[in-house]
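Visitor: I'd like a quick tour of this one. Could you take my questions as they come?

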Amino acid sequence: MTNEAIIEMLEKLADLMELDGVEAFRVNSYRRAVRSIRDFKDDLTVLANQNRLTEIPGVGKGIAGRIAELVSTGRLAELETLEQKVPTWLPTLLAMPGLGPKKAALIHEKLGVTDLAGLKTAIESGKLAEIPGLGDATAKKIAEGIQFIESGGGRVPLGIALPLAEALAERIRYLSGVRRVEIAGSLRRGKETVADIDILCETDQGEKAIKEFTSLSDVRRVLAAGETKGSVTIKLPEGGEIQVDLRAIPTESFGAGLMSFTGSKEHNIRLRERAIACKWSLNEYGLFEGTNRLVGESEEAIYAKLGLPFVPPELREDRGELDRLPADLVSLDDIRGDLHMHTVASDGRNSIEEMAAAAQMRGYEFIAICDHSKSSTIANGLSIERMEQHIEGIRRVARAKPGIHILLGCECDILLDGQLDYPDEILAKCDWVVASAHARATGPAAKLNPTERTLAAIENRYVCAIGHPTGRLINRRPPMEIDMPRVVAAAAKNGTCLEINASWQRLDLKDEHAQMALAAGGTLTINTDAHSTDQLDQMRLGIVTARRAGATKQSIANCVNYNELRKLIARKRGA
DNA sequence: GCCGTTTTCGGCCCGACTGTTTTCAGTCG
């Protein structure tokens, strides 16, 4: 049984225990153990056979026993019991915002509600509001919750939520007494999707600022408005809405507030435990000894007082970040070029010259023009003849354009049989080849599975990087089934880079896979796959993904200077 | 269920907002 499978079963067990009303501390201990196991790379089966499971922090006798049971039988008796016991209506009702375990159980008991339709009927008929302890306001709140879920109230891609948050932050700057505004929450941690937008503002007129916030023209619904916190929903560009929380924090507490509302929740719990161990307490207003605030104005000061180095927001996930010195993570300033972009030659909107000029404005030293190969007909992929002409065109612009190195590249399709879409003679003329799978067939047409196709491309001497390796589109298309440990090992061995595609729809490799690639000793590239000049700005999304993976600039191919890049390519071709 | 530089038992992060009550429980983050 793989670690991943064991983790999945333990998570399911924790979820069901929670639904069954098991006390929170026991449920949490399972969740904590799972996080710890994730961070612990050793094979659980091996550890179980050596009786060493309890060496994992957070795993004691009880959980070790569960894991041993899974390893030896592949099943978990307690999980099977709970699956029978927990009623199916419970998770359905709990998924509605405004409904927790108490009210859900009450509504089920009094009205026999078991599904969404029944819940709606109970609200519309007024029966729900008549239940003692509930009321009209509660019924209205649940109705709004249902509407939110039905209008696609799921998680929103980072690339959609971030610009929205930034635009809102700009408006919040002008509310009463506001001196400073910061985006917090999972958005600040750079998660690939977010459930809501958290914004902090520094002001001494909290109540007034919150009132003004809830009256902004973008606001659709006001969920709460108090002295320090306001909660609203705003419209999403593609329909639906997203929740936005604004917290008003005074200067002396701003760092503590930022820390608290950046999370993650689990990271905060670790910090608060650490504070308790020092006989202090930590909340969103500061680090306190009794009622005396020791620090609170900045995150840096709080980490320092707790005897910790500053932890970059992207790493605050309780994955062991407090137990090791955080690396000097890659930043946007480290990027010296973009090695995957398109032009009008295939399906881009701008010319080679325009892409080069836009890259120069962003301070880049080099770019690679990588238009589609012939099989990507839908993307106007280049036939061999058109590619030959395009090669001439790129060379011509490269000669005429001082100040930036333009690499002659292509995004060459990986075909279903593992062959590349261009013969080696064409690839050999390129400076930089990105190989990507666009065809995803798994039926009879596919002679090799996605893993084998990717491995074949990795081994080609002309392939410098694998583009968007899993092919997933966030919230729209699942990743291909790829054996990632094999792929990252082969990439590292062959000197083939794996791409973090920074396009907001992709972010592929995702953070965990990028972390695997780094652990295997591989090299990454962070590229925008831009189809127009403005899309070059998506680089920052790739950067936060790389930071979440713990990447430093040393392991990113487009963070080296042009000469080093040429050496890296030469090494790959010689290999 | 886990854990220990005060602890092998008794803790386990902490606060805001709302609604229904009449001093607080439920929900959320």
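Visitor: How far apart are the end C-alpha atoms of helix α10, and why does that agree with its 15 residues?

Guide: First, the ground rules: this is a predicted model, where local features need pLDDT of at least 70 and side-chain atom pairs count only at pLDDT 80 or more, while totals for chains, interfaces and linings use all residues. Residues are numbered from 1 along each chain as its sequence is written, with chains lettered from A and ligands numbered from 1 in the order in which they are written. Helices are DSSP runs of H or I with at least four residues, strands are E runs of at least two, and both are numbered from the N terminus. Helix α10 covers residues 136–150, and at 1.5 Å a residue (times one less than the number of residues) its expected span is 21 Å, so it agrees with the distance between the end C-alpha atoms: 21 Å.

Visitor: Which elements do the buried residues of α10 pack against?

Guide: Buried means 20 or more other C-beta atoms within 10 Å of a residue's own, exposed means 12 or fewer, and partly exposed is in between, with C-beta atoms placed from the backbone. In α10, Ala139, Ile142 and Phe148 are buried. Their packing partners are α8 (116–124), α9 (127–130) and β7 (241–249).

Visitor: How many residues of helix α23 are buried?

Guide: Helix α23 runs over residues 539–548 and is mostly covered. Its buried residues include Leu541, Ile543 and Arg548, and the buried set packs against α11 (158–172), β16 (497–501), α22 (511–519) and β17 (524–527). Out of ten, the number buried is eight.

Visitor: What is the radius of gyration of chain A?

Guide: Chain A has 24 helices and 17 strands. The globule rule (2.2 Å times the number of residues to the power 0.38, with the radius taken over C-alpha atoms) gives 25 Å for 575 residues, so chain A is as compact as a globular protein of that length, with a radius of gyration of 26 Å.

Visitor: Which element gives the largest share of the side of domain 3 that touches domain 5?

Guide: Domain bounds come from an automatic or database domain assignment, which puts domain 3 at 156–249 and domain 5 at 337–574. Seven residues of domain 3 are in contact (C-beta atoms, placed from the backbone, within 7 Å) with eleven residues of domain 5. On the domain 3 side, the largest share is three residues, and they come from α11.

Definitions and conventions
Two residues are in contact if their C-beta atoms, placed from the backbone, lie within 7 Å.
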